[in-house]
Amino acid sequence: HDLWNGRDKSTDPLSFFDQYFEKNPTSFKDGSIEFIFIDNSDLYNGVPEAELEKIIDTIQTSTSSTIIILSHKAIKHPLTIHTMGYIDDEQNELVYSQAERLDQVIKSIRDKNIYLVHGDLHSFGQYTVDNITSFGIGALTEDKNYQQPRYAIGIIDKSGKLHMQDRPISP
């Protein structure tokens, strides 16, 4: 989390992370549900182009009836610009254009349940824009939190709809 700010910005943003952890897959399926991961935590360089193309292809060609896209930053948000493509209220054209591409691809899928889940806003919330439901899932830390520490539990019902339950952690 937030490794981008403390890293050597002249090196690959994941080089430090990759020294200690295996490279993550961009997606996996569990029955009729496909989970797609977007590592959009690098606010300066965005998602590597080859990875972005693989993600877009996975979204467009998925045969799953439910797609859950998990990312660090919200791709879009109706109430804040604290999203993919902005650094301290300044727009980063490269990363913003990636967010625009992802947003258009996601909006073009009409025959599936698609959900976006992100965490960087440090608060739990749900909103729907263009028939796409998004969830901010909060954070376990007290740092930069607008709410008390929390986590979320996702439940997928028989119809493939995702329901998130907010779980505040009591002191």
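Author: A salt bridge is a side-chain nitrogen of Lys or Arg within 4 Å of a carboxyl oxygen of Asp or Glu. Keep that cut-off in hand. The model here is predicted.

Reader: What makes Lys 76 and Glu 100 a salt bridge?

Author: Their closest N and O atoms are 2.1 Å apart. The cut-off is 4 Å. The pair therefore counts as a salt bridge.

Reader: Where do Lys 76 and Glu 100 lie?

Author: Lys 76 is in the loop between E3 and strand E4 (86–87), and Glu 100 is in helix H4. They stand 24 residues apart, so the pair links distant parts of the chain.

Reader: Why is Lys 76 called partly exposed?

Author: Its relative accessible area is 26%. Buried means under 20%, and exposed means over 50%. Lys 76 falls in between, so it is partly exposed. Glu 100 also has 26% relative accessibility, so Glu 100 gets that label too.

Reader: How many salt bridges does a search of the whole structure find?

Author: Seven. One of them joins the side chains of Arg 101 and Glu 49.

Reader: How do you know that Arg 101 and Glu 49 meet in a salt bridge?

Author: The N to O distance is 3.1 Å. The definition asks for a distance within 4 Å. The pair therefore qualifies.

Reader: Why does this pair tie together separate parts of the chain?

Author: Arg 101 lies in helix H4 (residues 93–108), while Glu 49 lies in helix H3. These parts are 52 residues apart in sequence, so the salt bridge ties them together.

Reader: Are Arg 101 and Glu 49 buried, exposed or partly exposed, and why?

Author: Arg 101 has 31% relative accessibility. Glu 49 has 41%. Partly exposed lies between under 20% and over 50%. Both values fall there, so both residues are partly exposed.

Reader: Which residues are linked with Arg 101 in a network of salt bridges?

Author: Glu 49 and Glu 53 are linked with Arg 101 in that network.

Reader: What makes Asp 130 and Lys 107 a salt bridge?

Author: Their side chains meet at 3.0 Å, N to O. That is within 4 Å, so the definition is met. Asp 130 sits in the loop between E7 and strand E8 (132–137), and Lys 107 sits in helix H4. The two parts are 23 residues apart in sequence, so this pair ties them together.

Reader: Why are Asp 130 and Lys 107 called partly exposed?

Author: Asp 130 has a relative accessible area of 38%. Lys 107 has 23%. Neither is under 20% or over 50%, so both are partly exposed.

Reader: Which residues does Asp 130 touch, not counting those up to four places away in sequence?

Author: Asp 130 touches Lys 107 and Arg 110. Contact means heavy atoms within 4.5 Å. As for Ile 106, its C-alpha is 9.9 Å from that of Asp 130, and the two are 24 residues apart in sequence.

Reader: Now the sheet. In what order do its six strands run?

Author: The order is E1-E2-E3-E6-E8-E7. The sheet is open, with mixed pairing.

Reader: What makes E1 and E7 edge strands?

Author: Strand E1 (27–30) and strand E7 (124–129) each pair on one side only. From one strand to the next, the twist averages 20°.

Reader: How do you know that E1 and E2 pair?

Author: Two strands pair if there are at least two bridges between them. E1 and strand E2 (residues 33–38) have four bridges, so they pair. The sense is antiparallel. Glu 34 in E2 is the bridge partner of Lys 29.

Reader: Which helix packs on the sheet?

Author: Helix H3 (residues 49–61) does. It touches E1, E2 and strand E3 (66–71), and its direction makes about 160° with that of E2.

Reader: Which residues make the nonpolar surface patch?

Author: Leu 140, Tyr 151, Ile 153, Ile 155 and Ile 169 make a patch of about 430 Å². Tyr 151 lies in strand E9 (residues 150–156).

Reader: What makes Tyr 151 accessible enough for a patch?

Author: A patch residue needs over 30% relative accessible area. Tyr 151 has 39%, so it passes that cut-off. It also counts as partly exposed.

Reader: How many helices and strands does the protein chain have?

Author: Four helices and ten strands. Of its 171 residues, 42% count as buried.

Definitions and conventions
Residues are numbered from 1 along each chain as its sequence is written. This is a predicted model: local features need pLDDT of at least 70, side-chain atom pairs count only at pLDDT 80 or more; totals for chains, interfaces and linings use all residues. Side-chain values use heavy atoms; hydrogens and water are left out. Patches are made of residues with over 30% relative accessible area and no salt bridge: like charges are joined within 9 Å, nonpolar side chains (Val, Leu, Ile, Met, Phe, Trp, Tyr) within 5 Å. Accessible areas come from the Shrake-Rupley method with a 1.4 Å probe; for residues, only the protein chains shown count as cover. Buried means under 20% relative accessible area, exposed over 50%, partly exposed in between (1.4 Å probe, protein chains only). Axes are lines fitted to C-alpha atoms, for helices over the stretch in contact, and angles run from 0 to 180 degrees between N-to-C directions.
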